[in-house]
Structure formats: structure tokens, C-alpha cells
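Trainee: I would like to take a close look at a single part of this model and then see how that part sits among its surroundings. Please take your time with the answer.

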Amino acid sequence: MKQKYKITILSLIIIIITLFMIFTPGIAKHKNIAVVGSSSVQPVAEKLSEEYTQQHPSYKITVQGGGSTMGLNSIKKNSAQIGTYSTTLDDNPQIKQTKIATDAIAIITNTKNNLDDLTQQQIQDIFTGKITNWKQVGGEDAQIHVITREAGSGTRDAIEKLLMNNTNFKSDAIVQSSTGSLIKTVESDPNAIGYASLSDLKKDNNVKQLNVDEITPTVENVKNNKYPITRPFLFLTNSTPSNETQQFIDWTLSEEGQKIIADEGLIPVN
């Protein structure tokens, strides 16, 4: 009898606690959104999620990098609500693409490099290994050290599509797993050349941004369609994202969200 009594009391306590958690204000369950993918998109995605969760405390948004390929795969595997992608993507009926910004990719060298300008053809020839010495393009007599991102990087993919006619980087190019580490490598090597998102270069980085075909990589030149190396920043979802996910994306495209994107050195879509 006592055992039955204990079980009844315990059941009542569990029911009361459950009802309390459901109906008591401030103990509502978080609406979780996982954002995974491009390390170039990651900084602006973090800024957007930070502001959005401040305005919407019931949301919990986690943002992580890993590369554009990881962003795409996370949507295919349903392991994240939003995949971030930093290059063009073929249409797929199972994946919804939302462009949130336009970005420029700058070609960067060490500040000790005496060159200020390269043509698109020269950059292609350097990255593929046809040009191996800086003196071949008007610089010092020194071997060129090409720094690139890993396969699967959206930034690398964009460079290969836009500048290299989908050819490969030279086999002895130095591979870095993030934009930050690539920039640091170029900073420390007087003979290095690499590339990075223009938005990543608004911080205090000790690198030189080269003109491409005499066009400076600036937001204004991207807006005017003068600078040639640009790519989209995409949010990827499944074809029917949840209401919570769509609301965050809609806010990103709103005037408030697009202002954050502009403040991060990107070109808004709205």
C-alpha cells in the first residue's frame, strides 16, 4: 500500500513539474537553429545570430565553420537548419538557396612586395604554376609561394571558377584550412600570394590587396560591377525550412539584417 502511495505521489510531482515548465513564462523551450559551413560566411552569420537572439530570446542559434562543402552536406544530411555557402551552386530541387550578400575576393601579398597590380591572366598563371618567379611579372627575383585554401573551400572554388577556368592549383601550393590562417601565412612570408574575402580584410591585417586589371577591390567597385572577382554568400536550407528558420532568414534580408551585412564590408542584396 505504501509503495502504491509513493508511486502516486511521484507521478503527481512529475505531472506538476511538466505543466509548470510548459505554462510558466520564461521557461519556454528554445528554438534551436544550427548554422554550419563556409568560414568566410561565418563572421557575418555570427553577427546576425547575435543580434537576432538578443531581439528574440527564445531562439538559440549556433554558428560554426568547416567549409562550404560541409555546409552543403549538413543540409543533405539534415544535421543543420542552415548551411552557409560562399560560391555559386547548381540548382537542386531538394535545396533552397537564399542569397544574403555579395562578396569580393581580394588577391593578397605581403606588404614588402613591390607590386600593386596583376592581370587576371597573370594571377591564373601564378596559381597554376606557369609563372614561378616574381621577376616574371615585374617584381623581385624571388620564388613565388602560392597559399591556397583546402579542397571544399567555397573561396577556393570561386577562385578556380572565376580566374582559373576550373583548373587546379599548382601541386606544391601551401594549403591552409581557414581564411585566417591563410592571411597569417601571407603576412609572415615576403614572397607569398594568396586570396581572401574582402570582408575578412577589413580587420587590421598586415597584407597588401592587389589591383586586378588595374581595378581596386573595394565595395564601390563591386557595386559598380567593375571589380571582376565576386561571389555570392548563400544560406542553404531544405526545400521547406521550418517557420523558425525562415523567420531568421527573412530578418536577415530585412533592412536591419542587411545593415549588419553592409557593416561587415559586404554588399547587401536589398
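Which residues do ring pairs link into a cluster?

Mentor: The model is a predicted one, and in it ring pairs link Tyr52, Tyr59, Phe235, Phe248 and Trp251 into a cluster. A search of the whole structure finds eight aromatic pairs.

To place the cluster, it helps to begin with the helices that carry some of its members. The axes of helix α2, which spans residues 42–55, and helix α8, which spans residues 243–252, come within 11 Å and cross at roughly 115°. The two helices, α2 and α8, are therefore roughly perpendicular to each other, and their crossing is right-handed. On the α2 side the contact is made by Leu48, Ser49, Glu51, Tyr52 and Gln55, while α8 contributes Gln247, Phe248, Trp251 and Thr252. Tyr52, Phe248 and Trp251 thus appear among the residues of this helix contact, and they are also among the members of the ring cluster. By class, the residues of the contact between α2 and α8 divide into four nonpolar, four polar and one charged.

Helix α2 has a further partner in helix α9, residues 255–263, against which α2 packs at an angle of about 145°, with the axes 9 Å apart. The crossing of α2 and α9 is right-handed. Here the contact is made by Val44, Lys47, Leu48, Glu51 and Gln55 of α2, together with Glu256, Gly257, Ile260 and Ile261 of α9. This contact of α2 with α9 has four nonpolar, two polar and three charged residues. Leu48, Glu51 and Gln55 are listed for α2 in its contact with α9, and these residues are listed for α2 in its contact with α8 as well.

Another aromatic pair can be set beside the cluster. Phe127 and Tyr195 form an edge-to-face pair, with 6.0 Å from centre to centre and 65° between the planes. Because Phe127 lies in helix α4 and Tyr195 in strand β8, the pair ties together parts that are 68 residues apart in sequence. Both Phe127 and Tyr195 are buried. Phe127 has company in this respect, for the buried residues of helix α4, which covers residues 120–128, are Ile123, Gln124, Asp125, Ile126 and Phe127. These buried residues of α4 pack against β4, β5, β6 (145–149), α5 (154–162), β8 (192–197) and β10 (211–212). Helix α4 is followed by Gly129, whose phi is positive, near 100°.

Beyond that glycine, the loop between α4 and β6 holds Trp134, which counts as buried at 2% relative accessibility. Leaving aside residues up to four places away in sequence, Trp134 touches Thr109, Asn113, Leu115, Ile126, Gly139, Glu140, Ala142, Gln143, Ile144, Asn191, Ala192 and Ile193. Among these partners, Ile126 is one of the buried residues of α4. Ile144, ten residues away from Trp134 in sequence, is 6.0 Å from Trp134 in space, C-alpha to C-alpha. Asn113, in turn, lies in the loop between β4 (95–110) and β5 (117–118) and counts as buried at 8% relative accessibility. With residues up to four places away in sequence again left out, Asn113 touches Trp134 and Lys208.

Two other loop residues deserve attention for their backbone. Most residues other than glycine have a negative phi. Asn78, however, has a phi near 60°, a positive value in a residue other than glycine, and is found in the loop between α3 (68–76) and β3 (82–85). Asn78 is exposed, with a relative accessible area of 58%. Asp213 likewise has a positive phi, of about 55°, although Asp213 is not a glycine, and lies in the loop between β10 and α7 (219–223). Asp213 is partly exposed, with a relative accessible area of 34%.

Finally, these details can be set against the chain as a whole, which has nine helices and twelve strands. Of its 270 residues, 46% count as buried. Among contacts between residues at least 6 apart in sequence, 74% join residues at least 24 apart.

Key. Residues are numbered from 1 along each chain as its sequence is written. This is a predicted model: local features need pLDDT of at least 70, side-chain atom pairs count only at pLDDT 80 or more; totals for chains, interfaces and linings use all residues. Side-chain values use heavy atoms; hydrogens and water are left out. Helices (H or I, at least four residues) and strands (E, at least two) are DSSP runs, numbered from the N terminus. Buried means under 20% relative accessible area, exposed over 50%, partly exposed in between (1.4 Å probe, protein chains only). Contact means heavy atoms within 4.5 Å. Axes are lines fitted to C-alpha atoms, for helices over the stretch in contact, and angles run from 0 to 180 degrees between N-to-C directions. Angles under 35 degrees count as roughly parallel, over 145 as roughly antiparallel, 65 to 115 as roughly perpendicular and the rest as oblique. A crossing is left-handed if the near helix is turned anticlockwise from the far one by less than a right angle, and right-handed if clockwise. Ala, Val, Leu, Ile, Met, Phe, Trp, Tyr, Cys and Pro count as nonpolar, Asp, Glu, Lys and Arg as charged, and the others, Gly among them, as polar. Rings of Phe, Tyr and Trp (its six-membered ring) pair if their centres lie within 6.5 Å; planes under 30 degrees apart count as stacked, over 60 as edge-to-face and the rest as tilted.
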